[in-house]
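This report describes pockets, nonpolar cores and selected residues of one protein chain. The sequence and the structure are shown first.

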Amino acid sequence: MSEQTKKSPLHDKHEALGAKMADFGGWSMPIEYAGGGVVAEHTAVRERVGLFDVSHLGNALITGAGAKDFLNACFTNDLERIHPGKAQYTLCCDENGGVVDDLIVYLRSDEDLLLIPNAANTTEVIRRLQEVAPEGISVTNVHEDYAILAIQGPKSDEVLEALGLPTGHEYMSFVDAQWRGHELTVCRTGYTGERGYELVCGVEDASALWDAVVSAMEPFDGRACGLGARDTLRTEMGYPLHGHELSLDITPVMAKTGWAVGWKKEAFWGKEALSAQREAKESRVTNGLLVTGRGIPRADCAVLDADGNTVGEVTSGTFSPTLKQGIALALMDRSVAQGDEVSIDVRGRQVAATVTKPPFVERGAGA
């Protein structure tokens, strides 16, 4: 682990639970915990409830008169679609339409917005915003001032209720609340496809909040979950991960995240390039692959058609604990259609797969 690697405010909790740690976006984060592992943690979230430390995710405040309009002219999605108290998935693109980051914007008011970017991209997103922010609008990096705990699964409401925290608000909305006299934000967001919440709290409150959640989960046989389970859960849902399904080389048009683009907006970063791609029907797009043979696909594996021609490349691949078979997301030629039979080159062996539209499993009830 590099000396520059940052540690979550919950690092000691992970070590006490025997977590296997790894560098993720410049942060030392738990991949899985002793006594369970990825499959057990994944199953806990699908069937009961799980707790993730996602404090590596960034935090930035955009404040000042005109802050909402400023941000709306930068990111792809249209903030006019939401109102205060709501959150929105959006993309920060460069002038070529490449994705610098995908992130969530929390709208408190037209003059007060919170951004949660990915860990590795936080500095660059903030740099780009600060570079063009007009006078009177502040872009402040508060990445290390907050911790984020994600409580995900069918029993997540019961866990929050046991803590005296608000539940039941709409998906992609948030409520500011108090816990033991301290302020925190309860967000109805998540990355698992199950009903769940994310708690944004000050770093000084993170340890006590973690312990309280762990205790509240005990009646439901809940588990602390690492980023390994987070990845299998999000892949089953077909959710993109920056650096895999989205990158400076894979645009929203290619990744099929055009639903997060406000095409009718007057301006946003990369609009001209993305509009041209959309009009031209970009030749490569993302699809799902359901493995029918024996083998687990991984990123960068080639996808071949019936004649052995390379028609794509896996961007994310894993074993689905729910389906008990391999699944993948892949960037493929537009000519490849859903239902087509293809093969994936897994270390020199051809593994059969069917092209399918994600999600691979149904979203959880009430998600």
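The text below covers the pockets, then the cores, then individual residues of this predicted model.

**Pockets**

The largest pocket encloses about 930 Å³ of space. Its lining is made up of 38 residues, and those closest to the centre are Tyr89, Tyr191, Tyr239, Pro240 and Trp259. Two or more lining residues come from each of β7 (99-109), α7 (227-237) and β15 (284-291). Strand β7 provides the largest share, four residues.

The second largest pocket holds about 270 Å³. Of its 15 lining residues, Leu227, Asp231, Arg234, Leu241 and His244 lie nearest the centre. Here the elements giving two or more residues are α7 and β17 (310-320), and α7 gives the most, with six. Helix α7 is thus named for the lining of the largest pocket and for that of the second largest.

The table sets out both linings by residue class.

| Pocket | Volume | Nonpolar | Polar | Charged |
|---|---|---|---|---|
| Largest pocket | about 930 Å³ | 21 residues | ten residues | seven residues |
| Second largest pocket | about 270 Å³ | five residues | six residues | four residues |

**Nonpolar cores**

In soluble globular proteins, nonpolar side chains tend to be buried together. The largest nonpolar core of this model has 34 residues, of which Phe52, Leu91, Tyr106 and Ile116 touch the most other members. At least two residues each are supplied by α2 (38-47), β6, β7, β8 (112-116), β10 (146-152), α7 and α8 (252-255). Strand β6 makes the largest contribution to this core, four residues.

Beyond four places in sequence, Leu91 touches Phe75, Thr76, Val99, Asp101, Asp102, Leu103, Leu246, Pro252, Thr257, Ala260 and Val261. A second, separate core contains 27 residues, among them Leu160, Val186, Tyr197 and Ala224.

**Two buried residues with polar side-chain contacts**

Gln88 belongs to strand β6, which spans residues 86-93. Gln88 counts as buried because its relative accessibility is 5%, and the cut-off for burial is under 20%. A polar atom of the Gln88 side chain lies 2.8 Å from the backbone oxygen of Asp78. Apart from residues up to four places away in sequence, Gln88 is in contact with Asn77, Asp78, Leu79, Arg81, Ile82, Leu103, Ile104, Val105 and Met172.

Arg234 sits in helix α7. Its relative accessibility is 0%, so Arg234 counts as buried. The side chains of Arg234 and Glu245 make a polar contact at 2.9 Å. With neighbours within four places in sequence set aside, Arg234 touches Tyr191, Tyr239, Pro240, Leu241, Glu245, Ser316 and Leu329. Among these partners, Tyr191, Tyr239 and Pro240 are also listed as closest to the centre of the largest pocket, while Arg234 itself is listed with those nearest the centre of the second largest.

**Backbone features**

Two residues other than glycine with positive phi are described here. Asp221, in the loop between α6 (203-217) and β14 (223-225), has phi near 55°. With 48% relative accessibility, Asp221 counts as partly exposed. Asp300 is placed in the loop between β15 and β16 (302-304), and its phi is near 80°. Asp300 counts as exposed because its relative accessibility is 58%, and the cut-off for exposed is over 50%.

Pro358 and Pro359 are joined by a cis peptide bond with omega of about 5°. Pro359 belongs to the segment after β20 (349-356).

Methods
Residues are numbered from 1 along each chain as its sequence is written. This is a predicted model: local features need pLDDT of at least 70, side-chain atom pairs count only at pLDDT 80 or more; totals for chains, interfaces and linings use all residues. Side-chain values use heavy atoms; hydrogens and water are left out. Buried means under 20% relative accessible area, exposed over 50%, partly exposed in between (1.4 Å probe, protein chains only). A polar contact is a pair of N or O atoms within 3.5 Å; within protein, one must be able to donate a hydrogen and the other to accept it, and residues adjacent in sequence count only if both atoms are side-chain atoms. Contact means heavy atoms within 4.5 Å. On a 1 Å grid over the protein atoms alone, a cavity is a set of points where a 1.4 Å probe fits but cannot get out, and a pocket is an open set with protein on both sides within 12 Å along at least five of seven lines; lining residues have an atom within 4 Å of a point. Grid points are joined across faces, edges and corners, and a volume is the space filled by probe spheres set on the points. Ala, Val, Leu, Ile, Met, Phe, Trp, Tyr, Cys and Pro count as nonpolar, Asp, Glu, Lys and Arg as charged, and the others, Gly among them, as polar. A nonpolar core is a set of buried Ala, Val, Leu, Ile, Met, Phe, Trp, Tyr and Cys residues joined through side-chain atoms within 4.5 Å.
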